[in-house]
Number of protein chains: 2
Amino acid sequence: MSKPFSIGVDLGGTNLRVAVVSREGEIVDRITVSSTGNVIESLIGAIERLFSDKINGIGLAVAGLTDGKKILSSPNLPILKEIDFVGMLQSRFNTPVYLGNDASVAALGESISGAGKDMNTFVMLTLGTGIGGGVVYNRRLLNIAGELGHVIVEPGGRLCGCGGKGCLEAYASARAMSTVAMEAIELKRDTMMTQYGSRDIMPADIYKYALEGDPLAIEIFKTAGFYLGIGIANYINIFGPDAIILMGGLIGAWDIYVKKAIKTAATAAFKELYAKTAIIPSKLGGDAGIIGAAELTYC
Amino acid sequence: MSKPFSIGVDLGGTNLRVAVVSREGEIVDRITVSSTGNVIESLIGAIERLFSDKINGIGLAVAGLTDGKKILSSPNLPILKEIDFVGMLQSRFNTPVYLGNDASVAALGESISGAGKDMNTFVMLTLGTGIGGGVVYNRRLLNIAGELGHVIVEPGGRLCGCGGKGCLEAYASARAMSTVAMEAIELKRDTMMTQYGSRDIMPADIYKYALEGDPLAIEIFKTAGFYLGIGIANYINIFGPDAIILMGGLIGAWDIYVKKAIKTAATAAFKELYAKTAIIPSKLGGDAGIIGAAELTYC
């Protein structure tokens with residue numbers, strides 16, 4: 001019989017987070033671990049403090065690729081790839097340990113206690129530095145590649161970090177928007193953003209200028225929103241979901257970026273399918289990954 | 001306990017086909033029904049002749065939309081939408097009756113006794129007048145919208161029959177290729193195909209000229225193949241499947257059209273995912289729908 005709590009670990013962010021999560025997807029206790037110093041030891045220490053005989057297992061959300069048992073690549077914590085972290089936790093705590101990609105697992109979290117709670121099927125997109133996602137189908141996480149940020153929205157277009165060209169991520173992510181802004185400033189485009197010079201300009205800065213009416217800043221968000229809308233239309237036509245759930249830093253720019261995406265998707269997707277799809281923000285935000293990771297122990 | 005045979009009905013083509021199919025996906029008896037005259041009566045007559053107490057149920061593959069119980073739209077047999085065909089068959093034969101979209105159901109057929117037999121997860125694309133498809137995930141048909149021909153491969157591009165712009169179907173289907181050929185002929189492009197004038201030129205004709213070295217004919221297949229490759233790359237990145245299975249009349253042009261698609265997908269998709277994906281033709285061809293429809297009674 002399954003036990004009433006699990007430990008969820010989110011290894012995806014700059015801080016590593018460990019929490020005790022109830023079967024219903026509520027966080028009842030949590031510890032944040034710095035990703036500097038001896039990370040492995042700190043993580044084990046945090047789990048130790050939270051562990052009890054009521055824990056059903058440990059679930060890990062990892063930024064990068066996993067095959068469900070091994071961490072195949074972990075860009076922000078490469079050390080995790082080099083050691084058998086899952087095996088180590090399993091023997092140390094004598095409990096099952098599960099692994100999932102952070103964006104997929106976040107979708108699972110939203111389906112347990114977030115914006116997808118009462119939905120059968122939805123697609124979640126995480127809109128941040130990169131774009132990731134996950135698909136919940138009939139209330140279960142689809143165990144697919146799920147590289148939802150790498151659907152091609154402009155064939156032969158901008159080079160993407162993945163090596164492909166014209167991916168959604170190369171047009172609608174935070175990194176893409178910063179790149180476009182810096183390129184435009186170098187090209188001496190008319191904008192209030194010139195003060196940034198060749199320094200990194202972040203989407204939050206661009207958004208501030210967009211709200212002040214800067215035409216370049218507005219154009220950057222609208223173009224990104226247009227491509228996001230094409231990606232959303234694709235996911236509507238493929239999955240016919242109850243909802244597209246959006247999460248990540250960029251949804252702070254909902255009024256320009258997401259609104260443009262919704263407008264684009266409305267004309268690009270099948271009418272009957274679009275009409276039944278809610279396009280809504282995540283409810284759990286940064287906690288979706290940790291809640292979804294814990295849920296892995298019940299799947 | 002389930003019985004060893006089912007009746008599969010394919011309402012998708014110009015001829016309507018009814019067959020007895022074994023649990024293993026072999027067709028053991030079949031009748032073809034003309035779609036002229038009193039179709040409903042002919043169909044019921046054909047089912048009557050094949051029905052026995054060894055029949056587990058009846059499965060119907062329909063071109064168009066279904067919700068699994070009702071036929072919501074049936075472009076080639078509109079009459080089916082107007083009557084409760086499923087209910088009628090159910091009471092007449094006192095056996096369960098199931099409905100599916102013809103392209104999805106064809107994917108199910110390929111997973112039972114075709115090219116997807118030993119695969120867990122694959123995407124099938126049917127390449128004909130239009131483009132459809134289905135996704136088999138962990139050996140089960142995903143019950144999603146599955147409008148796989150309506151992924152957008154060129155934002156703001158050619159108007160598609162669905163009302164959207166730039167869909168895969170508007171670039172890589174037989175109808176798209178005929179349209180492009182006729183437009184080019186009207187524009188007096190240099191080609192041996194001018195003899196067709198404004199008459200419908202079919203992909204089989206274009207392919208014949210392509211094999212003879214006609215530059216316009218080759219360009220038409222390569223452009224269509226390029227966009228098919230973008231679509232395939234998208235499905236590889238989204239699903240990470242064991243295979244992309246291609247079926248339909250256009251795969252006769254494998255050497256130009258599909259080869260170009262494969263080359264395009266190889267550079268556009270994630271390398272690790274592309275490497276594990278076979279891109280192969282259907283084994284069952286025109287029988288995939290009927291075999292898949294019969295299988296619906298066991299799902």
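Q: A cavity is a set of grid points where a 1.4 Å probe fits but cannot get out. With that in mind, how many cavities of 30 Å³ or more does a search of the whole structure find?

A: Keep in mind that this is a predicted model. The largest cavity has a volume of about 30 Å³. Searching the whole structure for cavities of 30 Å³ or more gives a count of one.

Q: Which strand gives the largest share of the lining of the largest cavity?

A: Let's look at who lines this cavity: Ser104(A), Gly133(A), Gly134(A), Val135(A), Leu141(A), Leu142(A), Ile144(A) and Gly146(A). Sorted by type, that lining has four nonpolar, four polar and no charged residues. Three of the lining residues come from one element, and that's the largest share: strand S7 (residues 131-137) of chain A.

Q: What kind of rotation axis relates the two copies?

A: Try laying chain A on chain B: a turn of 180° and a shift of 0.0 Å along the axis do the job, with an RMSD of 0.0 Å. The copies are therefore related as by a two-fold rotation axis.

Q: Do the copies meet through the same surface or through different ones?

A: The contact takes 32 residues from chain A and 32 residues from chain B. Now check the overlap: 100% of chain A's interface residues are interface residues in chain B too, so the copies meet through the same surface.

Q: Which three residues supply more of the area that chain A buries against chain B than any other three?

A: About 2,600 Å² is buried between chain A and chain B, and carbon and sulfur atoms give 69% of that. For chain A's own buried area, 23% comes from a trio that beats any other three residues: Ile152(A), Ile238(A) and Phe270(A).

Q: How many salt bridges does the rule find across the interface of chain A and chain B?

A: Side chains of opposite charge can pair when their charged atoms come close. Over all chains, the search turns up 18 salt bridges. Across the interface of chain A and chain B, though, the number is zero.

Q: How many residues apart in sequence are the parts that Asp287(A) and Arg30(A) tie together?

A: The side chains of these two form a salt bridge, at 2.8 Å from N to O. Asp287(A) sits in the loop between strand S10 (278-281) and helix H11 (288-295) of chain A, while Arg30(A) belongs to strand S3 (residues 27-33) of chain A, so the pair links parts whose separation in sequence, in residues, is 257.

Q: Which elements give two or more residues to the lining of the second largest pocket?

A: This pocket has a volume of about 200 Å³. Of its 15 lining residues, the closest to the centre are Arg158(B), Val180(B), Glu219(B), Ile220(B) and Thr223(B). By type, the lining divides into ten nonpolar, one polar and four charged residues. The elements giving two or more residues are, in chain B, helix H5 (169-172), helix H6 (174-186) and helix H8 (215-239).

Note on methods:
Residues are numbered from 1 along each chain as its sequence is written. Chains are lettered from A and ligands numbered from 1 in the order in which they are written. This is a predicted model: local features need pLDDT of at least 70, side-chain atom pairs count only at pLDDT 80 or more; totals for chains, interfaces and linings use all residues. Side-chain values use heavy atoms; hydrogens and water are left out. Copies are superposed by least squares on the C-alpha atoms of residues with pLDDT of at least 70 in both. Contact means heavy atoms within 4.5 Å. On a 1 Å grid over the protein atoms alone, a cavity is a set of points where a 1.4 Å probe fits but cannot get out, and a pocket is an open set with protein on both sides within 12 Å along at least five of seven lines; lining residues have an atom within 4 Å of a point. Grid points are joined across faces, edges and corners, and a volume is the space filled by probe spheres set on the points. Helices (H or I, at least four residues) and strands (E, at least two) are DSSP runs, numbered from the N terminus. Ala, Val, Leu, Ile, Met, Phe, Trp, Tyr, Cys and Pro count as nonpolar, Asp, Glu, Lys and Arg as charged, and the others, Gly among them, as polar. Buried area is the accessible area (1.4 Å probe) that two parts lose on being put together, summed over both. A salt bridge is a side-chain nitrogen of Lys or Arg within 4 Å of a carboxyl oxygen of Asp or Glu.
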